[in-house]
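Here are a few exercises to work through with the model open beside you. Try each task before you read its solution.

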Amino acid sequence: MKLRIGVIGLGFFGSRHARVFSDHLSAELVGVTDLDSARTAEVAALTGAKPYADYKDLLASDIEAVSICLPDRQHEEVAIAAAEAGKTILLEKPLAHNADAARRIVEAVDANGGRMMVGHILRHDLRYVQVYEAAAPEKLGEPIHLRAKRNGVRSTARRLGASSSILFYMGVHDVDAMQWIARSRITRVYAQKREILGTGNEDVLYAMLSFANGAIGILDYSWAWPDGLMNGFRSAFEIVGTRSAAELDVADQGLYFVDDATTTGGDTHLWPEINGRVAGALADELDHFVKATLRGVPYVQHHHEALDAIPVLDALAESASTGVPVEVLR
Ligand SMILES: NC(=O)c1ccc[n+]([C@@H]2O[C@H](COP(=O)([O-])OP(=O)(O)OC[C@H]3O[C@@H](n4cnc5c(N)ncnc54)[C@H](O)[C@@H]3O)[C@@H](O)[C@H]2O)c1
């Protein structure tokens with residue numbers, strides 16, 4: 001039995017989704033679509049999928065599942081259309097660009113009796129999952145404090161322009177991870193930001209967080225780094241509890257390519273190309289989606305829990321704009 005699937009949006013990430021599904025033994029990549037017809041033709045030729053000019057035609061086909069890899073602000077319209085068409089949905093993060101839109105998507109999925117998995121890739125990252133396990137109450141005790149960092153380079157900010165924001169493109173990962181690992185919701189935030197690259201977005205955002213269980217946290221987000229930053233990003237996570245602690249540091253992936261001019265790094269875990277296929281956490285995430293959908297078993301994260309991150313992002317944006325602490329409204 002194979003999962004008949006289509007991919008909508010074939011940019012940086014959707015093209016990778018299409019490659020993973022086309023290579024999966026239990027998936028059949030039936031169709032692909034992008035507003036850019038040349039891109040659609042290119043990915044169709046690469047994967048053997050049928051090219052569609054309009055996502056509505058792909059949703060009207062006999063696919064059972066759809067992967068939506070559109071810019072963040074376009075998730076709502078297409079995810080609701082997919083839910084209403086009765087498709088099982090893999091929706092790239094963030095669920096939506098604000099909490100109201102995210103709730104409308106979840107309501108459409110529930111009203112149509114469908115299933116949806118949000119692409120929170122850290123839930124398939126070998127290290128973050130082990131931090132989650134190490135933070136189990138019987139090992140960690142009570143969480144005292146947490147810290148999360150995700151920093152990237154200027155070319156990412158310039159590529160996305162106003163189509164996303166640092167909070168929605170990168171920040172959702174750590175907000176979801178912090179609430180998941182702390183086993184507690186963020187209730188209050190105080191954020192500051194700077195906008196210097198002129199893309200219409202914040203380029204750095206730091207925030208203090210309060211959790212329902214009494215823990216406090218720090219978020220450190222930036223895509224203001226020069227493009228020479230090795231690997232193009234830095235991420236880190238730590239949680240300290242009353243009995244133990246866990247820490248991960250992705251500054252150094254331990255892989256270097258050196259020539260006479262410079263040293264560069266490599267991707268050892270996200271979506272490296274290994275032996276001609278996309279591997280790493282993305283491949284594991286999509287493998288989980290295919291298998292859990294075909295087996296009818298729950299996804300590692302229920303879509304209602306995925307929704308929990310979005311009101312926190314709204315509160316962070318509001319606090320960064322107003323300069324005062326903001327309660328998270330659920
Ligand atoms: N989990 C992760 O680590 C991760 C990494 C990168 C991107 N993402 C997410 O994936 C999504 C896509 O990001 P990206 O970096 O690939 O963006 P991108 O801009 O590279 O690609 C988006 C594509 O969607 C197409 N598109 C726009 N409107 C369309 C429509 N109505 N119909 C069909 N195609 C349309 C565009 O032409 C473009 O090719 C975003 O939600 C982003 O947050 C997740």
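**Exercise 1. The domain interface**

How many salt bridges does the rule find across the interface of domain 1 and domain 2? Work out what the contact between the two parts consists of.

*Solution.* Keep in mind that this is a predicted model.

Step 1: get the bounds. Domain 1 covers 3-120 + 286-300, while domain 2 covers 123-271 + 308-327. Their centres, taken over C-alpha atoms, lie 25 Å apart.

Step 2: look for charge pairs. With a cut-off of 4 Å between a Lys or Arg side-chain nitrogen and an Asp or Glu carboxyl oxygen, the count across the interface of domain 1 and domain 2 is zero salt bridges.

Step 3: widen the search to polar contacts. Now you get five residue pairs between domain 1 and domain 2, both residues at pLDDT 80 or more.

Step 4: see who supplies the surface on the domain 1 side. Helix α5 (residues 99-111) gives the largest share of the side that touches domain 2, with three residues.

Step 5: take the whole contact. 19 residues of domain 1 meet 16 residues of domain 2. The two domains bury about 1500 Å² between them, and 60% of that is on carbon and sulfur atoms. On the domain 1 side, Arg 73, Lys 93 and His 120 lose the most area to domain 2, together 36% of what that side buries.

**Exercise 2. The six-stranded sheet**

Trace the sheet that contains β1 and say why β3 and β6 each have one side left without a neighbour.

*Solution.* Step 1: write down the order. It is β3-β2-β1-β4-β5-β6, an open sheet with parallel pairing.

Step 2: check the ends. β3 (50-52) and β6 (116-119) are at the edges with a single partner strand each, so one side of each has no neighbour in the sheet. From one strand to the next, the twist averages 20°.

Step 3: zoom in on one pair. β4 (residues 65-68) and β5 (residues 88-92) run parallel and are joined by four bridges; Ser 67 sits opposite Leu 90 in β5.

Step 4: add the helix. α10 (residues 280-295) lies across β1 (3-8), β2 (27-33), β4, β5 and β6, and it runs at about 160° to β5.

**Exercise 3. The seven-stranded sheet**

Which strands are at the edges of the sheet that contains β7, and which helix packs on that sheet?

*Solution.* Step 1: the order is β12-β11-β7-β10-β9-β8-β17, again open, with mixed pairing.

Step 2: β12 (245-249) and β17 (326-327) each pair on one side only, which puts them at the edges.

Step 3: helix α12 (residues 309-322) packs on this sheet and touches β8 (186-194), β9 (204-211), β10 and β17; its direction makes about 45° with that of β8.

Step 4: eight bridges link β7 (residues 143-153) to β10 (residues 216-225), and the two run parallel. Asn 151 stands opposite Ser 222 in β10.

**Exercise 4. Two backbone details**

Where are Pro 94 and Arg 183, and what is notable in the backbone at each?

*Solution.* Step 1: go to the loop between β5 and α5, where you'll find Pro 94. The peptide bond from Lys 93 to Pro 94 is cis, its omega near -10°.

Step 2: move to the loop between α9 (166-182) and β8 for Arg 183. Arg 183 is not a glycine, but its phi is positive, near 55°.

Methods. Residues numbered from 1 in each chain as written. Predicted model: local features only at pLDDT ≥ 70, side-chain atom pairs only at ≥ 80, totals over all residues. Heavy atoms only, no water. Pairing = 2+ DSSP bridges. Contact = heavy atoms within 4.5 Å. Axes fitted to C-alpha atoms, helices over the stretch in contact; angles between N-to-C directions. Domains from an automatic or database assignment. Buried area = accessible area lost by both parts, 1.4 Å probe. Polar contact = N/O pair within 3.5 Å; in protein donor to acceptor, adjacent residues only side chain to side chain.
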